[in-house]
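Here is a short briefing on the structure shown below. Keep the view open as you read, and find each residue as it comes up.

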Amino acid sequence: MTEEAIVLKAERKQQAGTRVSRKLRLAGRVPAIIYGHQQEPESVHLDYHDLALELQHHHRLLAVELAGQRQQVLVKEVQYDHLGDKIIHVDLARVRLDERVEVTVALELKGTPAGAAEGGVLEQLLGEIELECLVTSIPESIRVPVAAMQVGDLLTAGQLVLPEGAKLITDPETPVVSVSVMAAEEVAEEAVEGEAEPEVIARKAEEDESAKTED
Amino acid sequence: MALMPKRVKWRKYQRGRNRGNATRGNYVAFGDYGIQSLENGRIDGRQIEAGRVAATHFLHRVGKVFIRIFPHRSVSAKPLETRMGKGKGEPDHWEAKIKPGTILYEVGGVPEDIAKRALLRVAHKMPVRCRLVTRHRS
């Protein structure tokens with residue numbers, strides 16, 4: 001499960017803007033925003049290394065110390081750079097420890113399906129589900145045992161075993177994982193290259209206009 | 001058959017520049033594993049098709065291959081042994097503009113080692129440097 005008291009030291013951002021954020025990132029900080037609980041949103045920055053470590057360990061609930069005050073926050077959104085490597089911004093929502101929150105949790109398939117021996121291919125149709133649970137008991141992931149699945153079997157979100165106290169928000173009928181025999185992909189017909197050319201929309205419009213003027 | 005659009009607004013395009021990073025199409029969205037471009041460049045329809053063939057042949061049509069790029073832009077060329085001038089050449093082929101971070105192909109429904117080997121074969125067909133990425137962040 002999760003969540004221990006991890007304290008990240010945050011500092012207020014004095015100025016807003018891209019240049020300021022860029023300078024902060026170069027200095028090993030991550031721009032962030034803390035909002036929620038009907039209080040004013042606060043633009044802050046956190047240490048990159050500490051934050052990356054917490055996220056790497058799948059911690060969702062963090063304790064942030066800002067101007068000597070400690071507050072519990074939930075990681076709502078993390079923005080990564082174009083390659084998906086570096087954290088460039090993080091959204092943090094204020095929470096109370098007795099609060100129930102809606103979170104997205106990843107699904108983790110466990111085992112090799114029995115149907116694989118008969119040529120079945122395991123296909124994961126849903127990567128993550130939405131849950132409502134206590135903020136202190138957010139699961140890292142939901143394990144889905146697939147070892148007993150035969151060819152043609154389908155597991156839906158409603159059939160998943162959730163942690164105690166968690167309520168499913170995703171539609172229970174949503175397919176999660178299936179074992180099926182893949183149909184052979186249709187082979188596209190070979191065409192003589194250079195023969196086909198796309199239809200040009202602009203030319204058609206011009207032709208219409210010229211037809212109108214002739215009338 | 002090389003990919004090309006069905007309908008276009010204009011037959012010929014100016015070359016333009018290809019700068020900046022991918023802000024869309026830069027994460028694995030459909031399959032479990034993908035290859036991501038690390039450079040900007042241009043990939044033509046035949047190269048995209050070569051990548052698809054490399055992946056499907058290796059996977060023996062098991063699993064699913066997703067092509068995340070499409071050659072929307074035409075590239076014109078003059079015929080051989082033609083004098084310069086007399087206007088812009090006719091459309092020769094179609095290409096996709098690629099930026100660093102763009103996911104080029106994805107593979108789903110196959111084990112990790114098989115997917116990696118298939119995508120390595122695809123990466124060899126690409127005119128840009130690529131790396132393997134997975135759906136879930138570590």
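Is A:H58 buried, partly exposed or exposed? A:H58 is partly exposed, because its relative accessible area is 36%, and the partly exposed class runs between 20% and 50%. Keep in mind that this is a predicted model. The points below start at one helix of chain A, move out to the two domains of that chain, and end with chain B.

**Helix α2 of chain A**

- Helix α2 of chain A spans residues 48–56.
- Three of its residues, A:L51, A:E54 and A:L55, are buried.
- These three cover an arc of only 95° around the axis, so they sit on the same side of α2(A).
- A general rule helps here: an α-helix has 3.6 residues a turn, so residues three or four places apart point the same way.
- The buried residues of α2(A) pack against six strands of chain A: β1 (7–12), β2 (29–36), β3 (39–47), β4 (61–66), β5 (69–80) and β6 (87–94).

**The two ends of α2(A)**

- At the N-terminal end, A:D47 acts as a cap.
- A side-chain oxygen of A:D47 lies 3.4 Å from the backbone nitrogen of A:H49.
- Just after α2(A) comes A:H58, with a positive phi of about 60°.
- A:H58 has this positive phi although it is not a glycine.
- The place of A:H58 is the loop between α2 and β4 of chain A.

**A second positive phi in chain A**

- A:Q38 also has a positive phi, near 55°, and is a residue other than glycine.
- Look for A:Q38 in the loop between β2 and β3 of chain A.
- Is A:Q38 buried or exposed? A:Q38 is exposed, because its relative accessible area is 85% and the exposed class starts over 50%.

**Two domains in chain A**

- The domain assignment splits chain A into domain 1 (6–97) and domain 2 (102–180).
- Eight residues from domain 1 of chain A and eight residues from domain 2 of chain A take part in the contact.
- The C-alpha centres of these two domains of chain A are 31 Å apart.
- Together, domain 1 and domain 2 of chain A bury about 640 Å² between them.
- Carbon and sulfur atoms account for 60% of that buried area.
- How many salt bridges cross the interface of domain 1 and domain 2 of chain A? The rule finds zero.
- Polar contact between domain 1 and domain 2 of chain A comes to one residue pair, with both residues at pLDDT 80 or more.

**Chain B as a whole**

- Chain B has two helices and eight strands.
- Along the sequence, their order in chain B is β-β-β-α-β-β-β-β-α-β.
- The C-alpha atoms of chain B fill a box of roughly 55 × 30 × 25 Å along the principal axes.
- Chain B has 138 residues, and 39% of them are buried.
- Take the contacts in chain B between residues at least 6 apart in sequence: 81% of these join residues at least 24 apart.

**One residue of chain B**

- B:L80 is in the loop between β5 (73–77) and β6 (90–98) of chain B.
- B:L80 is exposed, because its relative accessible area is 79%.
- B:L80 and B:G45 are 35 residues apart along the chain, and 21 Å separates their C-alpha atoms.

Conventions: Residues are numbered from 1 along each chain as its sequence is written. Chains are lettered from A and ligands numbered from 1 in the order in which they are written. This is a predicted model: local features need pLDDT of at least 70, side-chain atom pairs count only at pLDDT 80 or more; totals for chains, interfaces and linings use all residues. Side-chain values use heavy atoms; hydrogens and water are left out. Buried means under 20% relative accessible area, exposed over 50%, partly exposed in between (1.4 Å probe, protein chains only). Helices (H or I, at least four residues) and strands (E, at least two) are DSSP runs, numbered from the N terminus. The arc is that of the directions from the helix axis to the C-beta atoms. Contact means heavy atoms within 4.5 Å. A polar contact is a pair of N or O atoms within 3.5 Å; within protein, one must be able to donate a hydrogen and the other to accept it, and residues adjacent in sequence count only if both atoms are side-chain atoms. Domain bounds come from an automatic or database domain assignment. Buried area is the accessible area (1.4 Å probe) that two parts lose on being put together, summed over both. A salt bridge is a side-chain nitrogen of Lys or Arg within 4 Å of a carboxyl oxygen of Asp or Glu.
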